[in-house]
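Dear colleague,

Please find below the structure I agreed to pass on to you. My notes on it follow directly after.

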Amino acid sequence: MGRVVITGMGIWSCLGTDLETVKESLYNGKSGVGLEEERLTYGYQSALTGIVEKPQLKGLIDRHLRRGMSEEAEYAFMASRQAFDMAGVSQEYLDQNECGCIFGNDSSAKPVIEASRIMDEKHDTELLGQSFIFQAMNSTVNMNISTIFHLKGVNFTVSAACASGSHSIGLAYMLIKQGLQDMVLCGGAQETNFYSMASFDALGAFSGRMDQPAKASRPFDRDRDGLVPSGGAAALVLEDYDHAVARGANIIAEVVGYGFSSNGTAVISQPSDEGCMRAMQRAMKDAGVKASDIDYINAHATSTRQGDMYEAIALDKLFHGEHALISSTKGMTGHECWMAGASEVVYSVLMMTGGFVAPNINLENRDEYSQPLNLAEKTIETNIDVVLSNSFGFGGTNSALVLKKFKNE
């Protein structure tokens, strides 16, 4: 079983569209949440969302390919460019070598709705053209990214709700560890258009704190009233250690553990502390680490009462009395949904290499379940060697990843 290292990362999020800007946002506890008034006009109860910059692709991708790209594929392309550049992977290299592609994505709402409107009005499929199909499929990110970069390795999409991005990294890690791939581009992407989140808004799941957007997402806080939707994309280049060394790559960090579980409950939206624990324990066992070895935990905590509660119970059971600092970066980003498991790995690695833990912002009054947790209420400068990153989703899907600071040993 080989070692699996991270040699490149890219990010396109409400905290910034490059690694340095995002790192500064994390350090300063800066929120990327704002208002999109169009949501209220459309019929939403809440206009809160992460504000993500629209990529400008003209001049980067030819018009023919751009027409087949969904919003989330555009975000993923920008993040992937950054990741390949950081990893020192050129198009010439990709043309001559095998690189896989695994992304987490669980919806592509906008093209489906736009195509349906044309059909309702014109009743003629010929008017849809050829682009909607490539935008509408859940595999839109993989099919576009693998085509644009001429990738030749494994190629599939992980559709696993809000754990999609994390599972994509875990599966890439497993394939490389088993010697089936030398390099995989992996990550997660999430569309931010208002079509995509209407059904979530219907559940009353979103915060209504529209008078204070930056304070709306409040993981573990007693007075939270729901999550804030967000999105963008995160991409990572994972490699076999020997392969990375042979090509002279700069190694950023190491993926050492992946854990997964299903809650086994009878309610599709019901979280579970036992399910969370099984994923974390499996990841730590895979990594060969104990609770006392973990320095930082990036919690999934989305700012919902049940989700935060069950994760807090699980974290207290596993890490009570241990030194690991805990924070949910979703206080700053909102819930990045399908990309969250991947973006939070990027955020965690930025903290690891930067020597700090980002704060769990808007934590003014802890709820009863988070009282025992070692939550970072402000930015803490500290050495981080081992990170645990949690991601959980509807349907009881759970994923946990363990990352280590790279040491040439």
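In strand β7, A233 stands opposite A189. This pairing belongs to the contact between β7 and strand β6 (residues 183-190), which run antiparallel and are joined by 8 bridges. Please bear in mind that the model is a predicted one.

Strand β7 also pairs with strand β1 (residues 4-12), again in the antiparallel sense and through 8 bridges. Here V237 of β7 has G8 opposite it.

Strand β7 itself covers residues 232-240, and 9 of its 9 residues are buried, so the strand is largely enclosed by the rest of the structure. In a regular strand, side chains alternate between the two faces of the sheet. In β7 both faces are covered: one side carries G232, A234, L236, L238 and D240, the other A233, A235, V237 and E239, and all of them are buried.

Two residues of β7 return in the largest nonpolar core, which has 77 residues: L236 and L238, together with L185, touch the most other members. The helix that gives the most to this core is α4 (residues 71-87), with 9 residues. Another core, of 30 residues, lies apart from it and includes V256, A287, A291 and L388. As a general tendency, nonpolar side chains are buried together in soluble globular proteins.

I turn next to helix α13. The helix comprises 15 residues (305-319), which at 1.5 Å a residue should span 21 Å; its end C-alpha atoms are 21 Å apart, in agreement with that expectation. At the start of the helix, the backbone nitrogen of G307 has a side-chain oxygen of T304 within 3.5 Å. Just after the helix, G321 adopts a positive phi of about 80°.

The buried residues of α13 are D308, M309, Y310, E311, A312, A314, L315, L318 and F319. Their packing partners are α12 (273-287), β9 (296-298), β10 (325-327) and β13 (386-393).

One residue of strand β10 merits a separate note, namely S327. Is S327 buried or exposed? Its relative accessible area is 0%, and because buried means under 20%, S327 counts as buried. The side chains of S327 and Y296 are joined by a polar contact of 2.7 Å. Leaving aside residues up to four places away in sequence, S327 touches Y296, I297, N298, A299, V357, A358, P359, N360 and A376.

With kind regards

Technical notes. Residues numbered from 1 in each chain as written. Predicted model: local features only at pLDDT ≥ 70, side-chain atom pairs only at ≥ 80, totals over all residues. Heavy atoms only, no water. Helix = DSSP H or I, 4+ residues; strand = E, 2+ residues; numbered from the N terminus. Expected span 1.5 Å × (residues − 1). Buried < 20%, exposed > 50% of the residue type's maximum accessible area, 1.4 Å probe, protein only. Contact = heavy atoms within 4.5 Å. Polar contact = N/O pair within 3.5 Å; in protein donor to acceptor, adjacent residues only side chain to side chain. Core = buried A, V, L, I, M, F, W, Y, C linked by side-chain atoms within 4.5 Å. Pairing = 2+ DSSP bridges.
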